[in-house]
Structure formats: C-alpha cells, structure tokens
Amino acid sequence: MGTEALPYIVNAACNIPFSMLAIAGNLLILASFIRSPSMITPSNVFLISLSLSDFCVGLFVQPLYISWRFQDYKILSANRGTLVSSVIAVSAVLCSFSLLTVTFLSIDRFLALRLHLRYSQVITVRRVSWFLVVLFVASILICSATVWFPSYDEFAAAIIALASFIVNAAMYWKIYRVVQRHKRQIWTQQQQHKQASTPNAGLLNILRLRKLSLTLFYVYFILLLCYLPYIALALVFPFLKRRYSLSFAFEISWTFVYINSSLNPLLYSWRLREIRKAMKNTLLTVLK
C-alpha cells in the first residue's frame, strides 16, 4: 500500500463506527414510531422518512463505500466497478431524498403556522405519505438525469443542494417572522384583558410550534454544516479533479455527508421529549 493510499483507507475506516451508529440510532427511532402509532403526525411522517433514509445510508451506502476503498488497496476482494457504481447511485438517491425531505419539512412547519386550524384538514398523514413516495421517485429521476453529463454530475448535485438550503433558509426566516407576529398579537390581547398571569391557549400552542420549528431548524442547520464542505468542493471538483489534495478533500466531504445520518437520532432524542420518551421505552423493552 502506497503512502497516497493510506489517507483514503483511514477515511473509509472512520465511516465504520458512524455506520453502526446510523443503523442503531435510526432503527431505534423507527421502532419507537412503530410502537407508538399515536405519535404518527404529518410532521413526524417527514421525520420517519428522514430516519429511514439515514438508516439506509448506514446500512448500504457506508458499507459499500468502505468495501470500495478497502478493495482498491487489496484489503478486501470485490468487484470494483460494481462497488463504485453502487456507492454513487445509492448515495446520490438517498442524499437527494434527504435534502428534499428536509426542505419540505420546513415548508410543512410554515404551513402549520399559517393555516392554523385548517392545517389538519389540508395536511394529513396519508397525503404526506403519498407525497414522500412521489418525492422518492423524483429523487431517482433527478439522479438518473446526471448520466447525460457524467463529468459534471457532482457540480449539478452541488447546485441542487445549494438551492435546497436557500429554500430552507427562506422558510425558517418566514417561520421566525410569523412566530414573532403571533407572540406580539397574543401579548397585546393579554394586556387588554389583564390576563398576563394566566396561561393563554393560543400562546401555549405558538410556543409548542416554535419549539418544534426550532428543533427542525437544528436538523436543517446540522445538515447544512455536514453538506457545506461537499458543496464547496463539488463546485470546483470537475475542473480540478486531477489534483491529489483536492481529490482527497472531496472524499472527506463525503464522510461528513454520511455522518449527518448518525447525528439526526441524537438530535431528536435531545430536543423532542415525546420521541425521547418513546426511544427510552423501546430501548428498555429490547434490553429486558
């Protein structure tokens, strides 16, 4: 094994614990939702979808990537062409689906604040589930389109990811403004009726929606941090791909993208009390 090979092997090996964490963490999330059907709301269907995508990254994408790099340097015997094609195809579809899911999750939160009581009539679990199926098919079609310009597929992926993050940023800015406006309106009503010391149902609902929106903003923010190195490097990679340092840095950016699948379960358990409780009960049941 040459000195140039060692960094790639180390990078691939770093994916092993994160792959295991992604599998275990997201499997626990999915099992918790299965055991608690009452938790399945339209917004949580998006989270279930995201967890399923993250689970598949840990179960398929990372092991395939590790096998590819280990095979390249004779640590593992496998068909290189099949491994490379599988990593690129499965990774592209799942990452595209995750990006689209997070984007529409922010749109869902914005609609929840704008539609109020009409939200439950317009946005249902069934409609969201079918929409996510369409979204997954769209992810496959988007990734399939890159076969027409294989030399610039990474560049195209970076542009799509950047567009997704811009839409998310715009949605969360709108959510912030709506929440602030509602809080001012409710505070004014309380002052007028001299009920400042009495909890207001409208205020409590706004605070609950704000907390969930803040948690989902964290999901978006962590996704952004994990994808930013990839986006920055993918924009220049087609033009400078022969440079060893850039090629290796670009591959490290893949690892950051994959690591995101391990972080989401930790974020859910930290920020969402209902999900944390369900995960704890599920874990205790498994360990008995």
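Of the 288 residues in the protein chain, 44% are buried in this predicted model. The chain exposes about 15,600 Å², and 68% of that area is supplied by carbon and sulfur atoms. The secondary structure consists of 9 helices and 0 strands, so that the order of elements from the N terminus reads α-α-α-α-α-α-α-α-α. Among contacts between residues at least 6 apart in sequence, 79% join residues at least 24 apart.

One helix pair brings together elements from separate parts of this order. Helix α1, formed by residues 5-35, packs with helix α9, formed by residues 273-287. The axes of the two helices lie 9 Å apart and make an angle of about 95°. Angles of 65 to 115 degrees count as roughly perpendicular, and α1 and α9 are therefore roughly perpendicular to each other. On the α1 side, the residues that meet α9 are Leu28, Ile29, Ala31, Ser32, Phe33 and Arg35. Their partners in α9 are Ile275, Ala278, Met279, Asn281, Thr282, Leu283 and Thr285.

A search of the whole structure yields 2 salt bridges. In one of them, Glu251 is paired with Arg69, and the closest N and O atoms are 2.5 Å apart. This pair links distant parts of the chain, since Glu251 belongs to helix α8 (residues 244-271) and Arg69 to helix α2 (residues 42-72), with their positions 182 residues apart in sequence. Glu251 counts as buried because its relative accessibility is 3%, which falls under the 20% limit for buried residues. Arg69, at 9% relative accessibility, is likewise classed as buried.

The other salt bridge joins Asp108 to Arg109, with a distance of 3.2 Å between the closest N and O atoms. Asp108 has a relative accessible area of 4% and is therefore buried. Arg109 also counts as buried, because its relative accessibility is 3%.

On the surface, a nonpolar patch of about 420 Å² is made by Trp130, Val133, Val137 and Leu141. Val137, one of these residues, is located in helix α5, which spans residues 125-144. The relative accessibility of Val137 is 42%, and this residue therefore counts as partly exposed. The value lies between the limit of 20% for buried residues and that of 50% for exposed ones.

Definitions and conventions
Residues are numbered from 1 along each chain as its sequence is written. This is a predicted model: local features need pLDDT of at least 70, side-chain atom pairs count only at pLDDT 80 or more; totals for chains, interfaces and linings use all residues. Side-chain values use heavy atoms; hydrogens and water are left out. Patches are made of residues with over 30% relative accessible area and no salt bridge: like charges are joined within 9 Å, nonpolar side chains (Val, Leu, Ile, Met, Phe, Trp, Tyr) within 5 Å. Accessible areas come from the Shrake-Rupley method with a 1.4 Å probe; for residues, only the protein chains shown count as cover. A salt bridge is a side-chain nitrogen of Lys or Arg within 4 Å of a carboxyl oxygen of Asp or Glu. Helices (H or I, at least four residues) and strands (E, at least two) are DSSP runs, numbered from the N terminus. Buried means under 20% relative accessible area, exposed over 50%, partly exposed in between (1.4 Å probe, protein chains only). Contact means heavy atoms within 4.5 Å. Axes are lines fitted to C-alpha atoms, for helices over the stretch in contact, and angles run from 0 to 180 degrees between N-to-C directions. Angles under 35 degrees count as roughly parallel, over 145 as roughly antiparallel, 65 to 115 as roughly perpendicular and the rest as oblique.
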